[in-house]
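The following account is intended for a reader who meets this structure for the first time. It proceeds from the overall fold to selected details.

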Amino acid sequence: MPSDYSAQELATIALIDKQLDAYNARDIEAFVATYHDEIEVFTLVGGLQYQGKEILKAKYAAKFAGLKYLHATSLTRIVQGQYLVDHELAESASEDENNIDRSVKVIAAYEVEHGLIRRVTFMG
């Protein structure tokens with residue numbers, strides 16, 4: 001990692017990496033632990049989709065349980081202070097873990113507040 005990142009930027013990167021690792025492990029408790037209680041999830045076109053850690057947990061628990069394979073990778077990353085934007089590749093398999101049936105690229109913009117993800121906006 002470049003040494004020109006500030007301490008805040010390094011903490012932001014570490015938090016998003018922790019969230020991504022938990023997502024890939026389908027560890028719902030570790031995943032939601034990276035989010036603020038009042039998390040706000042947006043889409044660029046649709047605006048606020050939902051708010052609150054309990055709704056986030058229910059949505060992702062169902063997603064994790066319903067798939068045979070799930071993996072997301074950061075392709076490109078920009079970070080400034082408490083903001084991080086990832087261009088991510090998300091792949092999943094619904095029937096056979098060896099047969100990826102969904103592959104999408106998405107931009108995710110995260111805002112970190114008090115060491116937790118407070119807002120995320122998905123584009124694409």
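The paragraphs below treat the overall architecture, then the pairing of strands, and finally a single residue.

The structure is a predicted model. Its secondary structure amounts to three helices and six strands. Followed along the sequence, these elements appear in the order α-α-β-β-α-β-β-β-β. The radius of gyration is 14 Å, close to the 14 Å that the globule rule gives for 124 residues, so the protein is as compact as a globular protein of that length. The C-alpha trace spans about 45 × 30 × 30 Å along the principal axes.

Several overall values complete this picture. Of the 124 residues, 36% count as buried. The accessible surface comes to about 7000 Å², and carbon and sulfur atoms account for 52% of that surface. Where contacts link residues at least 6 apart in sequence, 48% of them join residues at least 24 apart. The protein carries 12 positive and 19 negative charges, and the mean positions of these two groups lie 4 Å apart.

Attention may now turn to strand E6, which comprises residues 116-123. Which strands pair with E6, and in what sense? Strand E1, formed by residues 35-43, pairs with E6 in the parallel sense over five bridges. Within this pairing, tyrosine 35 has isoleucine 117 of E6 as its bridge partner. Strand E5, covering residues 102-113, runs antiparallel to E6 and is joined to it by seven bridges. Here tyrosine 110 stands opposite valine 120 in E6. E6 thus takes part in a parallel pairing with E1 and in an antiparallel pairing with E5.

The strands E5 and E6 also form a hairpin, with two residues between them. In this hairpin, histidine 114 adopts a positive phi near 55°.

A residue in another strand offers a closer view of local surroundings. Serine 92 belongs to strand E4, which extends over residues 83-93. Is serine 92 buried or exposed? Its relative accessibility is 9%, and a residue counts as buried under 20%, so serine 92 is classed as buried. Which residues are in contact with serine 92, once its neighbours within four places in sequence are left aside? The contacts are with Leu67, Tyr69 and Leu70, and also with Ile100, Asp101 and Arg102. Of these, Arg102 lies within the range of residues 102-113 given for strand E5. As a general matter, side chains in a regular strand alternate between the two faces of the sheet.

Methods
Residues are numbered from 1 along each chain as its sequence is written. This is a predicted model: local features need pLDDT of at least 70, side-chain atom pairs count only at pLDDT 80 or more; totals for chains, interfaces and linings use all residues. Side-chain values use heavy atoms; hydrogens and water are left out. Two strands pair if DSSP finds at least two bridges between them. Helices (H or I, at least four residues) and strands (E, at least two) are DSSP runs, numbered from the N terminus. The radius of gyration is taken over C-alpha atoms; the globule rule is 2.2 Å times the number of residues to the power 0.38. Buried means under 20% relative accessible area, exposed over 50%, partly exposed in between (1.4 Å probe, protein chains only). Contact means heavy atoms within 4.5 Å. Accessible areas come from the Shrake-Rupley method with a 1.4 Å probe; for residues, only the protein chains shown count as cover. Lys and Arg count as positive and Asp and Glu as negative; His and the chain ends are not counted. The place of a charge is taken as NZ of Lys, CZ of Arg, CG of Asp or CD of Glu.
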